[in-house]
Amino acid sequence: MADRPVTYRGVVRSEHCHHMGHMNVMWYVGKFDEASWQLFAAMGLSRSRMQKENRGVAGVEQHIECKRELRAGDVVG
């Protein structure tokens, strides 16, 4: 995985966690969305370029695989 670019790095905050102490799935999706914009920019698909060329992107399907539960204070990325 060292050859893959880092597209997201952040920390799980306590308000991201549900009553069982794990990060709620809605935050996984949000962090994925943030990472997507970094990936697009690395590919040259910046917001300014897409606006200039009247182009866009859409997330039409997502597959989430949980490797382990994340808790408040865990670093993602």
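This tour moves through a predicted model, selection by selection, and states what is found at each stop.

**First stop: His 22**

Select His 22, which sits in the loop joining strand 1 (10-11) to helix 1 (25-42). The relative accessibility of His 22 is 14%, so the residue counts as buried, the limit being under 20%. Display the side chain of Arg 71 as well: the side chains of His 22 and Arg 71 make a polar contact at 3.1 Å. To see the wider surroundings, add His 16, Cys 17, Glu 69 and Leu 70; together with Arg 71, these are the contacts of His 22 once neighbours within four places in sequence are left aside.

**Second stop: the nonpolar core**

Two of the residues just displayed, Cys 17 and Leu 70, belong to the largest nonpolar core. Extend the selection to Tyr 8, Val 12, Met 23, Ala 35 and Val 76, and the core of seven residues is complete. Then centre on Ala 35. Which residues is Ala 35 in contact with, leaving aside its neighbours within four places in sequence? They are Thr 7 and Tyr 8, and Tyr 8 is itself a member of the core.

**Third stop: Trp 27 and helix 1**

Move next to Trp 27, placed in helix 1. With a relative accessibility of 29%, Trp 27 counts as partly exposed. Not counting residues up to four places away in sequence, Trp 27 touches Glu 15 and His 16; His 16 has already appeared as a contact of His 22. A distance label between the C-alpha atoms of Trp 27 and Val 12 should read 8.9 Å, for a separation of 15 residues in sequence.

Helix 1 also contains Val 25. Select Val 25 with Val 29 and Ile 64 to bring up a nonpolar surface patch of about 240 Å².

**Fourth stop: the salt bridges**

How many salt bridges does the structure hold? There are four, and three of them are visited here.

- Begin at Glu 15, the contact of Trp 27. The side chain of Glu 15 meets that of Arg 13 in a salt bridge, with 2.5 Å from N to O. Both partners are partly exposed, Glu 15 at 46% relative accessibility and Arg 13 at 47%.
- Continue to Arg 49 and Glu 53, whose side chains form a salt bridge at 3.1 Å, N to O. Arg 49 has a relative accessible area of 35% and is partly exposed; Glu 53, at 39%, is likewise partly exposed.
- Finish with Arg 68 and Asp 74, a salt bridge in which the closest N and O atoms are 3.4 Å apart.

**Fifth stop: helix 2 and the loop after it**

Select Gln 51 in helix 2 (residues 47-52). Its relative accessible area is 55%, and Gln 51 is therefore exposed, being over 50%. Now label the C-alpha distance from Gln 51 to Phe 32: the two lie 19 residues apart along the chain and 22 Å apart in space.

The last selection is Asn 54, in the loop between helix 2 and strand 2 (75-76). Is Asn 54 buried or exposed? At 72% relative accessibility, Asn 54 counts as exposed. Inspect the backbone here too: phi of Asn 54 is near 55°, a positive value in a residue other than glycine.

Terms used:
Residues numbered from 1 in each chain as written. Predicted model: local features only at pLDDT ≥ 70, side-chain atom pairs only at ≥ 80, totals over all residues. Heavy atoms only, no water. Helix = DSSP H or I, 4+ residues; strand = E, 2+ residues; numbered from the N terminus. Buried < 20%, exposed > 50% of the residue type's maximum accessible area, 1.4 Å probe, protein only. Polar contact = N/O pair within 3.5 Å; in protein donor to acceptor, adjacent residues only side chain to side chain. Contact = heavy atoms within 4.5 Å. Core = buried A, V, L, I, M, F, W, Y, C linked by side-chain atoms within 4.5 Å. Patch = residues over 30% accessible without salt bridge, like charges linked within 9 Å, V, L, I, M, F, W, Y side chains within 5 Å. Areas by Shrake-Rupley, 256 points an atom, 1.4 Å probe, with all protein chains shown as cover.
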